[in-house]
Amino acid sequence: MKIATYNVNGVNGRLPVLLRWLYDAEPDIVCLQELKAPQEKFPEKAIRDAGYDAIWQGQSRWNGVAILSRVGEIHETQRGLPGDLADEQSRYIEAAVNGILIAGLYLPNGNPRPGPKFDYKLRWFERLHAHLAGLIDLEAPVVIAGDYNVMPTEMDVYAPERWLDDALFAPEVRAAYQRLLDQGWTDALRHMHPNKTIYTFWKYLRFAFERNAGLRIDHLLLNDAAKAMLRAAEVDTAPRGWEKTSDHAPVWIELSASKRRRKGAS
């Protein structure tokens, strides 16, 4: 099963790019971020015509997340990240699909730092830690996919010395991401490529993509059951070179269909 995450940077404005990628790459399940569309403006018909069921949480102008599936019905389990009833930003959606629990997230950017937006990012991270603590030990495979807006290490950013004051590379944010790994989650891309320079985002300015001056901020975290099924993890850089494309590239993993071992089995 091929599971992908893709920050589309505007689902309607980039719809031709998204549909082309869905046709070419044939992912089975996709988490989308940064829809930049209210609930009623999500291109449901076009997505369904491409062969995908969909659930989504839209928001005017900013944010917005969705889950697409072509391998079974989507059973929504959570809409919005728990822990703050006053939080109206559309950044988290979760569902069971074909025996796998899938969460799609768009973690706050946090800039400028310091400031209210950075404080909100750290609080959001704390809420994420609390929620994922209840998912990590599930016997079913769990995949937490999305744009985390954090470069975990210096290996994950071109010219790290230029990002020391940025909220995506702040020590507090990197530590928050590390606490997810300490909780038991596996960073799929880094697990499969421990020493490789890999980026998932390139600014539109100064030919960043052509120079490969990028960032790795899109991640798929796996619990132990999903990790046991992991067979591949890659970045699909081709769409980043298309016209009128997102500044992110899709990231995907492949999970085997083999029978999962029960926790504690020898």
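This is a conversation between a trainee and a mentor about a predicted model and the words used to describe it.

Trainee: Why is T200 called buried?

Mentor: The relative accessibility of T200 is 0%, and a residue counts as buried when that value is under 20%, so T200 earns the word. T200 sits in the loop between α5 (188-192) and α6 (208-211).

Trainee: Which residues is T200 in contact with, once its neighbours within four places in sequence are left aside?

Mentor: T200 is in contact with L189, L215, R216, I217, D218, V235, D247, H248, A249 and V251. Each of these is named because it has heavy atoms within 4.5 Å of T200.

Trainee: Is V157 buried or exposed, and how do you know?

Mentor: V157 has a relative accessible area of 3%, and since buried means under 20%, V157 is buried. Its place is the loop between β8 (142-147) and α4 (171-183).

Trainee: What is V157 in contact with, apart from its neighbours within four places in sequence?

Mentor: The contacts of V157 are M151, W163, F169, Y199, G214 and L215. As for A213, it is 56 residues apart from V157 along the chain, and the C-alpha atoms of V157 and A213 are separated by 7.9 Å.

Trainee: What makes E44 and R48 a salt bridge?

Mentor: The closest N and O atoms of E44 and R48 are 2.8 Å apart, and the cut-off for a salt bridge is 4 Å, so the pair qualifies. Both residues lie in helix α2 (residues 44-49), where they are four residues apart, about one turn of the helix.

Trainee: Why are E44 and R48 called partly exposed?

Mentor: Partly exposed covers values between the buried limit of 20% and the exposed limit of 50%. E44 has a relative accessibility of 31% and R48 has a relative accessible area of 36%, so both values fall in that range.

Trainee: How do you know that D49 and K45 also form a salt bridge?

Mentor: Their side chains meet at 2.7 Å, N to O, which is within the 4 Å that a salt bridge allows. D49 and K45 both lie in helix α2, four residues apart, about one turn of the helix, and both are exposed. Side chains of opposite charge can pair when their charged atoms come close.

Trainee: What do D156 and R216 tie together?

Mentor: D156 forms a salt bridge with R216, with the closest N and O atoms 2.7 Å apart. D156 lies in the loop between β8 and α4 and R216 in the loop between α6 and β10 (218-222), so the pair ties together parts that are 60 residues apart in sequence. Both D156 and R216 are buried.

Trainee: Which residues are linked with D156 and R216 in a network of salt bridges?

Mentor: D187 and R190 are linked with D156 and R216 in that network. In the structure there are 12 salt bridges.

Trainee: Which residues gather in a patch of positive charge on the surface?

Mentor: R162, K203, R206 and R211 gather there. Take R211, whose place is in helix α6: its relative accessible area is 42%, and a patch residue needs over 30%, so R211 meets that condition. R211 is also called partly exposed, because 42% lies between 20% and 50%.

Trainee: What makes the bonds before P112 and P114 cis?

Mentor: Omega is about 0 degrees for the bond that joins N111 and P112, and omega is near 0 degrees for the bond from R113 to P114. P112 lies in the loop between β7 (100-106) and α3 (116-132), and P114 is found in the loop between β7 and α3 as well.

Trainee: Why are the phi values of E26 and N98 pointed out?

Mentor: Most residues other than glycine have a negative phi, and most peptide bonds are trans. E26, which is not a glycine, has a positive phi of about 50 degrees, and N98, also a residue other than glycine, has a phi near 55 degrees. E26 is in the loop between α1 (15-25) and β2 (29-33), while N98 is found in the loop between β6 (92-97) and β7. With relative accessible areas of 45% for E26 and 46% for N98, each residue is called partly exposed.

Technical notes:
Residues numbered from 1 in each chain as written. Predicted model: local features only at pLDDT ≥ 70, side-chain atom pairs only at ≥ 80, totals over all residues. Heavy atoms only, no water. Helix = DSSP H or I, 4+ residues; strand = E, 2+ residues; numbered from the N terminus. Buried < 20%, exposed > 50% of the residue type's maximum accessible area, 1.4 Å probe, protein only. Patch = residues over 30% accessible without salt bridge, like charges linked within 9 Å, V, L, I, M, F, W, Y side chains within 5 Å. Areas by Shrake-Rupley, 256 points an atom, 1.4 Å probe, with all protein chains shown as cover. Lys, Arg positive; Asp, Glu negative; His and termini not counted. Charge placed at Lys NZ, Arg CZ, Asp CG, Glu CD.
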